[in-house]
Number of protein chains: 2
Amino acid sequence: MSEPKRRDKAATRTALLEAARRRFTEHGYDGTGVRDIAADAQVDATLIFRYFGSKQALFDEAVRVDVPQGLGRDGRRDPAALAGELLREIVFTDRTAPGAEHPLFVMLRSAGRPEVRAHLREQVCDEYLADFAERLPGPDAGLRAELIGGLLLGIGLMRSVIGSPALSDSSIEETGGLVAEMVAALQAAPPQ
Amino acid sequence: MSEPKRRDKAATRTALLEAARRRFTEHGYDGTGVRDIAADAQVDATLIFRYFGSKQALFDEAVRVDVPQGLGRDGRRDPAALAGELLREIVFTDRTAPGAEHPLFVMLRSAGRPEVRAHLREQVCDEYLADFAERLPGPDAGLRAELIGGLLLGIGLMRSVIGSPALSDSSIEETGGLVAEMVAALQAAPPQ
DNA sequence: GTCTATAAGATGATAGAC
DNA sequence: GTCTATCATCTTATAGAC
């Protein structure tokens, strides 16, 4: 028998991070124990504290995401195209991959914690939606931008947590085409 | 000093149910302890087991909702009007009221539990969205219906858990007008 | 670099006194 | 109809042996 364990700090860390992302995504922060994560990663639970300090710190690192700055900032993309990009980046990720669910949805499932909610609002409203508000007409541009955010988040929710049949099976082209129409309508809508 | 407590079974039960709905909505199933609920309701924690049997049973009763059957079944309402009704019923409830958040969002925050997810999918897809699919054109009517579901759920999410500024402050008329435009666009969209 | 043992506290749930 | 006391189990986290 070879070594009983991979004596490799980096590999252990990565394995823990991926297992954490999977567990937190599926069961939320409170529903996940450090023992569960460690078992999935096939390492000892105490290593979590050795490498990350605490369960909370592991969570923070597992859901950390760098929002792609200025998604269409150089080009003058219209809102529908922007929405399409976000749809691909956030919603239509390959969820068969190791820790592939987008961090936004991991946070959504752990939104019981106030700090997680604050982080979520910051990221969604201030980072992702800022570009939309600039490109939408009317005095209610902010509201329209948030409606687009709600649409994208809702689609992701239907696919990942609710598991609705049609959306879960649909291709990004199919869904993206319909979403583009909805966003275009929002752009054309008269002030309410 | 008068009686130390309201000796009233019905009142205690109701108080527990309302406190449970509030707690479960805000902190999710796992983030809520029976002691928390009892403290909010100002009764003893053991009464939860006396009246409901278990924490899980209390949760089930707290989130039970009767889907209004056949929302526009008698009238031949179009999807945009139907969406408006759901928006009012599900999203724009008065959240200052006692246990007012719609049960769907309580479930969403406790979606770590598989049974809750199943219940959620059943209610959203089979009950709420069935009426839409019938009224939408094209071979992808089911997909379009789920997009509407995602939009409504996403809007509720932005308001309740994310707390996005514009949507949270908006009136149902304002938001409803924009939602109607988006749903109409979905109705008019060519098959993808 | 990894594991054993354990601390210190919270959890859901029960039995029985009042 | 309500409360006290308690159980068994689970939690995060730490100290220290190997």
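**Close-up views of chain A, its two domains and its contact with chain B**

Domain 1 of chain A and domain 2 of chain A together bury about 1,100 Å², 59% of it on carbon and sulfur atoms, where buried area is the accessible area (1.4 Å probe) that two parts lose on being put together, summed over both. In domain 1 of chain A, the residues that lose the most area to domain 2 of chain A are A:Arg21, A:Thr25 and A:Val63, which together make up 45% of what that side buries. This is a predicted model, in which local features need pLDDT of at least 70 and side-chain atom pairs count only at pLDDT 80 or more, while totals for chains, interfaces and linings use all residues. Residues are numbered from 1 along each chain as its sequence is written, chains are lettered from A and ligands numbered from 1 in the order in which they are written, and side-chain values use heavy atoms, with hydrogens and water left out.

**View 1. The overall course of chain A.** The secondary structure of chain A comes to 11 helices and 0 strands, with helices (H or I, at least four residues) and strands (E, at least two) taken as DSSP runs numbered from the N terminus. Along its principal axes, the C-alpha trace of chain A spans about 70 × 30 × 30 Å. The domain assignment divides chain A into domain 1 (9-63) and domain 2 (79-188), these bounds coming from an automatic or database domain assignment. The centres of the two domains of chain A, taken over C-alpha atoms, are separated by 26 Å.

**View 2. The interface of domain 1 and domain 2 in chain A.** Here 12 residues of domain 1 of chain A are in contact with 11 residues of domain 2 of chain A, contact meaning heavy atoms within 4.5 Å. Between the two domains of chain A the count is 1 salt bridge, defined as a side-chain nitrogen of Lys or Arg within 4 Å of a carboxyl oxygen of Asp or Glu. A:Asp30 forms a salt bridge with A:Arg113, and the closest N and O atoms of this pair are 3.1 Å apart. The rule also finds 5 residue pairs in polar contact across this interface (both at pLDDT 80 or more), a polar contact being a pair of N or O atoms within 3.5 Å, where within protein one must be able to donate a hydrogen and the other to accept it, and residues adjacent in sequence count only if both atoms are side-chain atoms. On the side of domain 1 of chain A that touches domain 2 of chain A, the elements giving two or more residues are α1 (9-27) and α4 (55-63) of chain A, and the largest share, 6 residues, comes from α1(A).

**View 3. A salt bridge between helices α1 and α4 of chain A.** A:Arg13 forms a salt bridge with A:Glu61, with the closest N and O atoms 2.3 Å apart. Because A:Arg13 lies in helix α1 of chain A and A:Glu61 in helix α4 of chain A, the pair ties together parts that are 48 residues apart in sequence.

**View 4. The annotated segment of chain A.** The UniProt annotation "DNA-binding region", from an unreviewed entry, covers residues 33-52 of chain A; such annotations may be inferred rather than shown by experiment. Over residues 33-52, chain A is 75% helix and 0% strand, and the end C-alpha atoms are 15 Å apart.

**View 5. The contact of chain A with chain B.** The contact takes 49 residues from chain A and 49 residues from chain B, and the area buried between the two chains is about 4,100 Å², of which carbon and sulfur atoms give 75%. In chain A, A:Ile162, A:Leu178 and A:Met182 lose the most area to chain B, together 16% of what that side buries. The count between chain A and chain B is 0 salt bridges, whereas 10 residue pairs are found in polar contact across their interface (both at pLDDT 80 or more).
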